[in-house]
Amino acid sequence: MEDLSLSKSYEPCRVEKKWYAFWKKQGFFHADEQKNSNPYSMVIPPPNVTGSLHMGHALNSTLQDILIRYKRMDGENTLWLPGTDHAGIATQYVVEKELGRQKKTRRSLGREKFIERIWQWKKEHGDIILGQLKRLGASCDWSRERFTMDEGLSTAVREVFVRLYEEGLIYRGDYIINWCPRCHTALSDLEVDYKESRGYFYYIHYRLTKGKKTIVVATTRPETMLGDTAVAVRPGDKRYSDLVGKEVVLPLTDRVIPIIADNYVDESFGTGALKITPAHDFNDFEVGARHNLPIIKVIDESGKMNENAGRYKGLDRFSCREKIVEDLKAQKLLKKVERYNHNIGYCYRCNDVIEPTLSKQWFIKTAPLAKPAIDAVKEGRTRIIPAVWEKTYFEWMENIRDWCISRQIWWGHQIPAWYCKKCGEITVAKVEPKACQACGGNELKQETDVLDTWFSSALWPFSTMGWPEKTKELETFYPTSVLITGFDILFFWVARMMMMGLKFMGDVPFRDVYIHALIRDAKGQKMSKSLGNVIDPLVMIEKYGTDAFRFTLAALAGQGRDIRLSEEVISGYRNFVNKIWNVSRFVFLNLTDYKGEIKTIHYNQYSLADKWILSRANRLIKTVRTALEDYRFNEAANFIYQFVWHEFCDWYVEFSKENLANTESVQRSATQQVLIEVLDIVLRILHPFMPFITEEIWQKLPGNSESIMISSFPKENNIFFNRDAEEKLEKIKEVIYHIRNIRGEMHIPPPQKVEVVLFCDNDKTRQLLEAYKQYLFQLASIKNLKYATSKTKPKVAATAIVKDIEIYIPLEGVIDFGAEEKRLGKEIAKVEKELSFIQKKLSNEDFLNKAPKKIVEKENQRNQALLEKQKKLKRSILRIKKMRDAS
């Protein structure tokens, strides 16, 4: 007989290392593009090479791994393709900081040496997060690992750039862009974090060139006034209709600018007169273009005032603001200043204030690419789940602006464009050209800008599979089956992949997009270092084991609902892991004489409890399968939890003990086989959620070989669905539950057996209870079972009613009514003393105002719990008094 023993306690760390190494060695993660079975593929949202595993990664990767393990077990040809993103700005920032500690800069190294330095950093640190994903149990095909700047992806990037350029969809031009003065690069709209900030409205007099009249303009940024080229009012605004076409003198300068009329102006906002600064405001740029206004840039790339700012040249933009306000006051041109809260854009990397500025940049015309991506979702070729996100997707795509794809940094895909020194023309090519396409000159200089990181990421679903070559991988695995991602990159990444996939592959990049929720703390607050509420997934894995951590995330991952996470919840699911381990130990301890002879046992020889648990197990399979297909991860996890803990462990294991005690009996053999079958179902259905513990236990189950990873995911067997057995046992369970409840309320010690009297008019129910009374004796600790008539119901008894059954437990001689009344009285006095203390606290205004909110909340909860306990104790003492009086 093989060794079926399990150690007394589960050791996650040892087990996890052992089985992950085994799976990798056996090649179980590997996808086979030649295989004929139904393909199921996913690409991992590539984490930044600078990254370390955080809760968002952990949730995303856990949900992906659940799906890929489920589909792999279900016989599909699965590919989960991993990789990392070069993260242009973030990676360059990290390496520049490292250089700074050595008193060096990227410019002192030069571009070539600096890029070599980043590659070296990537080699040393870039795989950290992938190692952490392996610790999480991610079953990616690591043989296909990609990087957004590896040779194959670089080829794809150039191919796409050149094709789009040749079709007129990529262009270079002057445009107002988001500029980060600290990172020295352009940012797309999505890379700007808008935060509500306290600011001021400055009301400034602009004097008309004729007469003494002024027009007052309100602005939050007086420093940009130096670049004003007009004042705008709304057409038809009676306050200013006589001023349109006239001119004003720009304050603090001698420059004259016109007053124009434009529908963009909101006459109810501020004074209804708007300063127009085309070089430093997106909307002003559009107004300026409509009116053919000059564009004057007054702030440079470092956030300092330039030569166009006159005497303010060299000042930092914020210092300049202070100086201008001071000068306006001195010249009596500042009417008033008001506090004003408004949204300010910050760089998503360094948190510096963004400066809208005019710059020569590279852009993609997105409107022609967006339309097919909109249609694909409307036609159902790609589903967005939950569907509520479709509206957001459409709103953004239908109002999409051209995408600024150039970045003024060194780390990234250098734009494949060359400038001719002789004629100034641009040559765009896949490989470095030897001569200018326009004049044939050979003095060419490559564009120094690199592409936005999201450009290469947008090609991820097909570039990673070998495009632009027509590979077998693309033929088999594209489009991918599903993308799991967070809502924060729906536009950064998902929309752009849709546009690029449809453009270059002629098909959507994925059939489904599942948008998971955000993980918050237990109070619903966003996790942040400043709040001190960040939970480190690696610490949780070390403390509670990967399986408990993964299962927690899945159990909380409801569609369209943010996750409230605490360490206590993870600890609770660690108890579930221990429960699985302990029930498995119970099964194995009862298999020492198991010979596998069940094939000779007929279904009719199974006990009612055996039939019940087999029916429930098969219903579980059906519900879990449906939930996983619908991306309802939390429901699948909770179905499993309820079945394992409450039906299998709490009930069936207890029911099974009597049959197991009958050695050399058919019933023992039948129950042994049911235990094996149900445990096998539990382990296989749990494997996608808890890969490690399930493998460790499954390996010891009789008849198993290779790995649970490549075993089949359970399929429901209709033969075992038995509604009759379920209904019968549910009724018996209810009776047992209520007997146990009475015992608990009456403080009858567990070892003390009691007499139970049942009253039931329904013959069928009575026959059921009589036929299976052994379950009542076994699980309710009773010594005698009687049936009463309406005239013989015991008077001095604790009672409960279950549908058509009345349960009585005679208490004379079982408990001392006087002693119990005294005990309850003392308990009530103790509770009331505690209540008095807490309620005094809660009525104290000082406590409520000064104590931390968490403490006040805790006291309120304690107050409610004590009130409930007081109510219950008073009910119990009244009950005892009545029985004492009746005895």
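## Backbone, aromatic and charge features of a predicted model

Lys 858 sits in helix H28, which spans residues 853–886. This is a predicted model. Lys 858 has a relative accessible area of 56%, and exposed means over 50%, so Lys 858 counts as exposed. Lys 858 also belongs to a positive surface patch. The other members of that patch are Lys 523, Lys 853 and Lys 854.

### Backbone details

Two cis peptide bonds to proline come next. One runs from Trp 467 to Pro 468, with omega near 15 degrees. Pro 468 is in the loop between helix H13 (460–463) and helix H14 (472–477). Another cis bond joins Tyr 478 and Pro 479, and its omega is about -5 degrees. Pro 479 falls in the loop between H14 and strand E22 (480–486). Helix H14 thus has a cis proline in the loop on each side of it.

Which residues have a positive phi without being glycine? Lys 103 is one of them, with phi of about 60 degrees. Ser 781 is another, with phi of about 55 degrees. Lys 103 is found in the loop between helix H3 (88–101) and helix H4 (106–109). Ser 781 occupies the loop between helix H25 (773–780) and strand E27 (782–787).

Is Lys 103 buried or exposed? Its relative accessibility is 78%, so Lys 103 is exposed. Ser 781 has a relative accessible area of 16%. Buried means under 20%, so Ser 781 is buried.

### Aromatic contacts

The whole structure contains 48 aromatic pairs. Take Phe 161 and Phe 455 as one of them. Their ring centres are 6.4 Å apart and their planes stand at 50 degrees, so this pair is tilted. Phe 161 is in helix H7 (residues 151–166) and Phe 455 is in helix H12 (residues 453–457). The two residues are 294 residues apart, and the pair links distant parts of the chain. Phe 161 and Phe 455 are both buried.

Why does the pair of Tyr 171 and Phe 363 count as stacked? The ring planes lie at 15 degrees, and planes under 30 degrees apart count as stacked. The ring centres of Tyr 171 and Phe 363 are 5.5 Å apart. Tyr 171 belongs to strand E5 (residues 170–180) and Phe 363 to strand E14 (residues 355–364). The pair therefore ties together parts that are 192 residues apart in sequence. The burial of the two partners can be read from their accessibility. Tyr 171 has 23% relative accessibility, so Tyr 171 is partly exposed. Phe 363 has 1%, so Phe 363 is buried.

Aromatic residues also gather in a cluster. Its members are Phe 551, Tyr 573, Phe 576, Tyr 641, Trp 645 and Phe 689.

### Salt bridges

Side chains of opposite charge can pair when their charged atoms come close. How many salt bridges does the structure hold? It holds 63. The table lists examples.

| Salt bridge | N to O distance |
|---|---|
| Arg 14 and Glu 11 | 3.2 Å |
| Arg 234 and Glu 267 | 3.9 Å |
| Lys 543 and Glu 567 | 2.5 Å |

Start with Arg 14 and Glu 11. Arg 14 is partly exposed at 39% relative accessible area. Glu 11 is partly exposed at 38%.

Next come Arg 234 and Glu 267, whose side chains meet in a salt bridge. Arg 234 is in the loop between strand E9 (230–233) and strand E10 (247–249). Glu 267 is in the loop between strand E11 (256–261) and strand E12 (273–276). The pair therefore ties together parts that are 33 residues apart in sequence. Arg 234 is partly exposed at 27% relative accessibility. Glu 267 is partly exposed at 38%.

The salt bridge of Glu 567 with Lys 543 involves two helices. Glu 567 lies in helix H18 (residues 567–589), and Lys 543 lies in helix H16 (residues 537–544). This pair therefore ties together parts that are 24 residues apart in sequence. Glu 567 has 24% relative accessibility and counts as partly exposed.

Some salt bridges share partners and build a network. One such network joins Arg 221, Glu 223, Arg 317, Arg 321, Asp 352 and Glu 355.

Technical notes. Residues numbered from 1 in each chain as written. Predicted model: local features only at pLDDT ≥ 70, side-chain atom pairs only at ≥ 80, totals over all residues. Heavy atoms only, no water. Helix = DSSP H or I, 4+ residues; strand = E, 2+ residues; numbered from the N terminus. Buried < 20%, exposed > 50% of the residue type's maximum accessible area, 1.4 Å probe, protein only. Patch = residues over 30% accessible without salt bridge, like charges linked within 9 Å, V, L, I, M, F, W, Y side chains within 5 Å. Areas by Shrake-Rupley, 256 points an atom, 1.4 Å probe, with all protein chains shown as cover. Salt bridge = Lys/Arg side-chain N within 4 Å of Asp/Glu carboxyl O. Lys, Arg positive; Asp, Glu negative; His and termini not counted. Charge placed at Lys NZ, Arg CZ, Asp CG, Glu CD. Phe/Tyr/Trp six-rings, centres within 6.5 Å; stacked < 30°, edge-to-face > 60°.
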